[in-house]
Amino acid sequence: MMAGMTGEETRTAMSPPIRSSAQDAELQPPATRAWMTRVVIIGIVLTALNLRPAITSLGALLEEVRDGLGMSGSFAGLLTSVPPLCFAVFGVMAPRLARRFGPAAVVCAGMVAIAAGLAIRPFAGNTAGFLVASALALMGIAVSNVLMPVIVKRWFPDRVGSMTGLYSMALALGTAAAAAVTVPMTRALGGSWHAGLAVWAGLAAVAVLPWIPLVRARGTALSRDAVSAPASAHGLPSASGAGQEPSPLRITRSRTAWALAVFFGLQATAAYITMGWMAQIFRDAGVPAGTAGLLLAVTMVMGVPLAFVIPRLATRLPHQGPIVVALGVCGLVGYAGLYLAPAGGAWAWALLLGIANCAFPLALTMVGMRARTGAGVAQLSAFAQSTGYLISIPGPLLVGVLYQHSGGWGLPIALMAGLMIPQIVVGILAGRDRTVEDEAARRR
């Protein structure tokens, strides 16, 4: 998502002219237009701030949650696999819901779901209730992930890059802040992990407010006809243009499409393992809980500057393989450090793994580069996202199982490092200078 700026600009150039929400808003009086634009900006920022705290706040307090609920390592691994599952399952529903109810209404409902899920889950009383409440919050995140790029593109067609950058920075800030302050805030609230997790429901409740007047403003820029085709989660390319039908491209015939889907899935696996387990790895090595949360925050915040650098560099290269290799090497060194000296070089390993996690914006950039047409970009995006998230689901669960049955982090870290090798290989294949349209046509 953080790489959406480059991709969105590419897709804007590819898409046929359509009437944007900003143009629709021109029909409103100037004062109303200015007021609505400010409300949309506030809504975008507050929504982005809420798209990761449900995940990273839990990672910071995972040990306390496990002890409090009597949760096994295997079930904790299942819990860390829930986010990609929810993103894959619920995200595909968002475009259809938006066409029926309007994107503003769906995002508003998404913020309500996040607030409700985060408020309920600490007090559910058992692991099943905790899991269901977490899924409710993640459902709200999933639909909002999908629709935020649509809203940005419709309201700010001439400022897609800058607004996506603002949105991406807010998302990274929310991710890092939840990792960094959850433990200190829990202590300030009396040491109860229930309060430390529930407090993030307040931020989501605040994010509901700017969408309410936009939902009521029927017939304006965020009306039901504002979404005419699906968009992908995390800023992935969206279908563009009212009534645009996808080309009859058989995306599964393209080797590049498969390579990119597997690359997306493996980098997502690494990202969710990191968000769910890295703080626990440091804590088990003797790092204080607050410091472990800060280390996770450092890893997450690395995506802010690099998400602006990597897409620009990638678009200037005919082959993105060298970037894939550089990121992979950083990941391998980081995992080796976690195995050999997790506490001694903790800050260095956090930085290196943060760099490695920037394979995500690279994957988004390659989605826009590996298809020649707007319809091809949309099809490749949907295929890479859905397949990739499905691939990523078992990883965090397997880490939890290995951790529980081995009694340490040696095997889980070996798994993480082992997955980095195929990630590099398929990333090199996905980075070759070719298009899925050409490959699919040759294989007919």
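Biologist: Is Arg-283 buried or exposed?
Modeller: In this predicted model, Arg-283 is buried, and its relative accessible area is 15%. The cut-off for buried is under 20%, so Arg-283 falls within that class.

Biologist: Which residue does Arg-283 meet in a salt bridge?
Modeller: The partner is Glu-64; the two side chains form a salt bridge at 2.7 Å, N to O. Glu-64 sits in helix H5 (residues 62–69) and Arg-283 in helix H14 (residues 255–284), so the bridge ties together parts that are 219 residues apart in sequence.

Biologist: And Glu-64, is that buried or exposed?
Modeller: Glu-64 is partly exposed, with a relative accessible area of 26%.

Biologist: How many salt bridges does a search of the whole structure find?
Modeller: The search finds two. Besides the pair of Glu-64 and Arg-283, the side chains of Glu-439 and Arg-434 meet at 3.9 Å, N to O.

Biologist: What are the accessibilities of Glu-439 and Arg-434?
Modeller: Glu-439 counts as buried, at 5% relative accessibility. Arg-434 counts as partly exposed, at 33%. In this pair the Glu is the buried residue, whereas in the other pair the Arg is buried.

Biologist: Changing topic: which residues form the nonpolar patch on the surface?
Modeller: The patch consists of Val-325, Val-329, Val-333 and Ile-428, which together have about 260 Å² of accessible area.

Biologist: Which helix gives the most to that patch?
Modeller: Helix H17, residues 321–340, gives the most, with three residues. One of the patch residues in helix H17 is Val-329.

Biologist: Why can Val-329 be counted in a patch?
Modeller: Patch residues need over 30% relative accessible area, and Val-329 meets that requirement because its value is 43%. At this value Val-329 is partly exposed.

Biologist: One more residue, please. Where is Ala-142 found, and is Ala-142 buried or exposed?
Modeller: Ala-142 belongs to helix H9, which covers residues 127–155. Ala-142 is buried, with a relative accessible area of 1%.

Biologist: What does Ala-142 touch, not counting residues up to four places away in sequence?
Modeller: With those sequence neighbours left out, Ala-142 touches Cys-86, Phe-87, Phe-90 and Gly-91.

Biologist: What separates the C-alpha atoms of Ala-142 and Cys-86?
Modeller: The separation is 6.7 Å, although the two residues are 56 residues apart along the chain.

Technical notes:
Residues numbered from 1 in each chain as written. Predicted model: local features only at pLDDT ≥ 70, side-chain atom pairs only at ≥ 80, totals over all residues. Heavy atoms only, no water. Patch = residues over 30% accessible without salt bridge, like charges linked within 9 Å, V, L, I, M, F, W, Y side chains within 5 Å. Areas by Shrake-Rupley, 256 points an atom, 1.4 Å probe, with all protein chains shown as cover. Salt bridge = Lys/Arg side-chain N within 4 Å of Asp/Glu carboxyl O. Helix = DSSP H or I, 4+ residues; strand = E, 2+ residues; numbered from the N terminus. Buried < 20%, exposed > 50% of the residue type's maximum accessible area, 1.4 Å probe, protein only. Contact = heavy atoms within 4.5 Å.
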